[in-house]
Amino acid sequence: ALGYYEDQLAVFFASGVELWTVGPDPTKHAIARVLNGPGTDHAGSVANTLGDVFYLSQGGFRSLSTVAVSGQLEENDDLGAAIQELTKLETGTPRALWSQARGQYMCAFGAAVYVLRYAPKQKVVGWSVYELPVAIDYLVEHLGQVYARCGVDVYKFEAGYDDGCEYDLQLAHFDFKQPGRRKLLRTVELMQTGTTRLSFYTEPRNPTRYVQGPTIAGTTTGIEHIYIGALGSAISTRFTGNAPWALDGLVLNAE
């Protein structure tokens, strides 16, 4: 597979990625860097995304910009960790797309579409899984609309297709600029539209260590803060529920 990353051509192999410097003169083409380990067998999963490249590698979705920092595949390079138990079982041919209009990375395996809502400035990563009645052969975006070809038929995704679907969104771990030191998360304030169920993970590498928080409807700003009582060196906040739902802001109060 081929991608475009930081003015370089990303050439994907099963066991690595080569970053090439290319230009009009082919005699000046040269390998700039070799990334060992984070390759892909799924060319159809590769999609350029806001200056990054997303793709499926070893059963999980990856971000090339994250992998490029270390030069090899590491545990925390897994963009799709929250859904890897599902994606590692997929055996079909993926078809991926970055939708600029929807702000989503979409990767279809037959009738199952894994959809990432990606907002890097807010450190928001949220996955949805669409279970469609038909198997997708190709995805394309045209004039702000996403279309799927299924055999001889073409379907259009509605703008509000998420409505009524379950969502599962997890924010990156916060260490409150004190890495390694245990903190007590006392209260939380939430600015949102809709209703969500909160969970707080207290160990970055242990998904079984979490505190189940309350179900919250609407924005909590201006009312009494919601008590949590989660203790850990880093706190990750997970939101689950049914769409439509939108997160506008989050305040964690810890000591």
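Here is a short chat about the cysteines and the strands of a predicted model.

Biologist: How many disulfides are there in this one?

Modeller: The rule asks for two cysteine sulfur atoms within 2.5 Å. C107 is in no disulfide, and its nearest cysteine sulfur, that of C150, is 15 Å away. So the count comes to zero.

Biologist: Why is C150 without a bond, then?

Modeller: Look at where its closest cysteine sulfur sits: that one belongs to C107. The two can't bond because the gap is too far, at 15 Å.

Biologist: And is C107 buried or exposed?

Modeller: Buried means under 20% relative accessible area. C107 has a relative accessible area of 0%, so the word for C107 is buried.

Biologist: Same cut-off for C150: buried or exposed?

Modeller: The relative accessible area of C150 is 9%. With the limit for buried set at under 20%, C150 counts as buried.

Biologist: Over to the sheet. Which strands are at the edges?

Modeller: It's an open sheet of four strands, paired antiparallel in the order 1-2-3-4. An edge strand here pairs on one side only. That gives strand 1 (2-5) and strand 4 (30-36).

Biologist: What is the average twist from one strand to the next?

Modeller: The strands follow the order 1-2-3-4 in that open sheet. Going from one strand to the next, the twist averages 25°.

Biologist: Which residue in strand 4 stands opposite E18?

Modeller: Strand 3 covers residues 16-21 and pairs with strand 4 in the antiparallel sense, over six bridges. Across from E18, in strand 4, stands V34.

Conventions
Residues numbered from 1 in each chain as written. Predicted model: local features only at pLDDT ≥ 70, side-chain atom pairs only at ≥ 80, totals over all residues. Heavy atoms only, no water. Buried < 20%, exposed > 50% of the residue type's maximum accessible area, 1.4 Å probe, protein only. Pairing = 2+ DSSP bridges. Helix = DSSP H or I, 4+ residues; strand = E, 2+ residues; numbered from the N terminus. Axes fitted to C-alpha atoms, helices over the stretch in contact; angles between N-to-C directions.
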